[in-house]
Amino acid sequence: MSEQALPLPASGRWRRPLPGFGLGLGIGLTWLGLIVLLPLAALILRSGGLGWAGWARAISDSRVIASLKVSFGASFVAAVAALLFGALIAWVLVRYRFPGRRLMDALVDLPFALPTAVAGITLAAIYDENGWVGQLLQPFGIQLVNNFTGIVIALIFVGLPFAVRTVQPVLEALGREQEEAAISLGASRLTTLRRVILPELLPALLTGFALAFARALGEFGSVIFISGNLPWKTEIAPMLITIRLEEDGGVPAAIVLATLLLLMSFACLLAINAASTLFAHGNRRDG
């Protein structure tokens with residue numbers, strides 16, 4: 001049967017179901033400005049009004065430095081762990097078919113829907129010395145709550161979905177043809193992974209790492225219940241922001257900390273876009 005073109009309206013022009021570009025762009029930018037850009041601009045302007053002296057005074061505080069070390073260190077470790085385990089989970093979901101696969105795929109998104117405070121209470125209850133996992137490790141002197149390890153566990157929980165969901169669609173689009181061709185030419189599994197699969201996954205892996213790191217850097221609810229919030233030891237920067245806001249004269253320090261975390265998260269997003277652009281240009285040159 002020959003294909004027949006859909007009839008055009010009487011005016012001869014195809015009417016789109018949504019408004020035109022100008023109207024749609026205007027509405028989108030308006031809401032983006034009111035919901036996102038305006039509060040962020042107010043924060044940056046407020047922090048800029050403190051001057052270099054205010055920034056130096058807030059950042060040089062030993063408690064602030066300790067909290068930043070905890071936040072950045074735990075976020076980096078958690079992002080690396082989330083990337084490794086997330087890539088493995090994505091590989092299993094894409095390349096294998098097994099009972100319960102759909103349930104496993106749905107559970108990956110659970111941290112997105114679960115309130116972070118509920119996640120923190122649940123993790124603290126499980127890994128506490130009297131919890132299901134904690135009591136098994138207690139005889140060996142391993143404690144997972146109220147220390148750096150507990151913070152990393154909570155941040156892996158919230159960052160894992162980002163790693164899985166960025167790698168999974170790339171694996172689905174990759175297919176098996178290139179792997180089968182490499183194996184038919186005598187390449188080992190390690191060589192196939194290193195020379196065929198990883199170059200294709202590298203942009204997605206970098207994106208997953210950056211998203212998990214940015215998400216962990218600003219995490220609050222799931223961490224405060226498992227970290228112990230010990231000053232100079234397990235106190236994260238978002239928690240210190242809340243503490244400074246409740247203190248007399250602590251608002252400037254809270255604004256500086258919040259702005260610093262905002263800039264770092266924005267830098268991660270810029271790095272994602274820059275990496276995507278570089279890889280896109282590289283692929284076009286190779287093609």
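A residue is called buried here when its relative accessible area is under 20%, and exposed when that value is over 50%.

**Figure 1. An all-helical fold, shown as a predicted model.** Welcome to the whole protein: there are 13 helices and zero strands. Followed along the sequence, the pattern reads α-α-α-α-α-α-α-α-α-α-α-α-α. Of the 287 residues, 34% count as buried. The protein exposes about 17800 Å², and carbon and sulfur atoms supply 67% of that area. Among contacts between residues at least 6 apart in sequence, 73% join residues at least 24 apart.

**Figure 2. Segments that UniProt annotates as "transmembrane region".** The unreviewed UniProt entry places this feature at residues 21-45, 72-94, 106-127, 147-167, 204-230 and 250-275. Two of these segments make good stops for a closer look. Over residues 72-94 the chain is 100% helix and 0% strand, with 32 Å between the end C-alpha atoms. Residues 250-275 are 96% helix and 0% strand, and here the end C-alpha atoms lie 38 Å apart.

**Figure 3. A nonpolar patch on the surface.** Leu23, Leu25, Ile27, Leu29, Trp31, Leu32, Leu34, Ile35, Val36, Leu37, Leu38 and Leu40 form this patch. Together they have about 1100 Å² of accessible area.

**Figure 4. Trp31 in helix α1.** Zoom in on one member of the nonpolar patch, Trp31. Its place is in helix α1, which covers residues 21-48. Is Trp31 buried or exposed? Trp31 counts as exposed because its relative accessibility is 55%, and the cut-off for exposed is over 50%.

Methods. Residues numbered from 1 in each chain as written. Predicted model: local features only at pLDDT ≥ 70, side-chain atom pairs only at ≥ 80, totals over all residues. Heavy atoms only, no water. Helix = DSSP H or I, 4+ residues; strand = E, 2+ residues; numbered from the N terminus. Buried < 20%, exposed > 50% of the residue type's maximum accessible area, 1.4 Å probe, protein only. Contact = heavy atoms within 4.5 Å. Areas by Shrake-Rupley, 256 points an atom, 1.4 Å probe, with all protein chains shown as cover. UniProt positions renumbered as here; feature names shortened; annotations may be inferred. Patch = residues over 30% accessible without salt bridge, like charges linked within 9 Å, V, L, I, M, F, W, Y side chains within 5 Å. Salt bridge = Lys/Arg side-chain N within 4 Å of Asp/Glu carboxyl O.
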